[in-house]
Amino acid sequence: MDKEEKVRAFSDFLRQEGYVPTVDEDGDIRLKIQGRTYYVIFDDKDELFFRVIFPNFWGIESDDERIKVERAALKATAETKVAKVFTVRENTWATVEIFSSSVDNAQKIFSRSVSALQTAVRTFADEMNG
């Protein structure tokens, strides 16, 4: 199954789950969950790999804040299964990156992947605000 077929199958799954996915110019799936934009990305060079990304959830406005963001990101990553929180230029992203033997298996772990992302972002925000 190539990337385009995976994207089509996963988009169909998301529609059945009540989401309204769109496919961007890179062939990645974009969807809203609780008003926030997420992406599901399949790798065309690695058929077993897929990721769910929550980009740009915390802007970085100063060098001092960047230090705090990096510490909070490390804590969130360390404390949350499969989730990674990291900086991209002047922003903060979270991702779950998984090897999955099929699109069907990716579908089965999608909601848990989103839950892990949300947990990591909450942990990050708690650290930033506390």
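Student: How many salt bridges does the structure hold?
Tutor: Keep in mind that this is a predicted model. Side chains of opposite charge can pair when their charged atoms come close. Here, the number of salt bridges is eight.

Student: Which residue meets K3 in a salt bridge, and where does that partner lie?
Tutor: K3 sits in helix α1, and its partner is 25 residues away along the chain. The N to O distance of the pair is 3.1 Å. The partner lies in the loop between β1 (22-23) and β2 (29-33), and the residue is D28.

Student: Is D28 buried or exposed?
Tutor: Buried means under 20% relative accessible area. D28 has 9% relative accessibility, so by that cut-off D28 is buried.

Student: Which strands do E97 and R51 link with their salt bridge?
Tutor: Their side chains meet at 3.4 Å, N to O. The two residues are 46 residues apart, so the pair links distant parts of the chain. E97 is in strand β6 and R51 is in strand β4.

Student: Which residue is linked with R51 and E97 in a network of salt bridges?
Tutor: R51 and E97 are both partly exposed, with relative accessible areas of 24% and 27%. Their network of salt bridges takes in one further name, K84.

Student: Is M1 buried or exposed?
Tutor: M1 is in the segment before α1 (3-16). Exposed means over 50% relative accessible area. M1 has 61%, so M1 is exposed.

Methods:
Residues numbered from 1 in each chain as written. Predicted model: local features only at pLDDT ≥ 70, side-chain atom pairs only at ≥ 80, totals over all residues. Heavy atoms only, no water. Helix = DSSP H or I, 4+ residues; strand = E, 2+ residues; numbered from the N terminus. Buried < 20%, exposed > 50% of the residue type's maximum accessible area, 1.4 Å probe, protein only. Salt bridge = Lys/Arg side-chain N within 4 Å of Asp/Glu carboxyl O.
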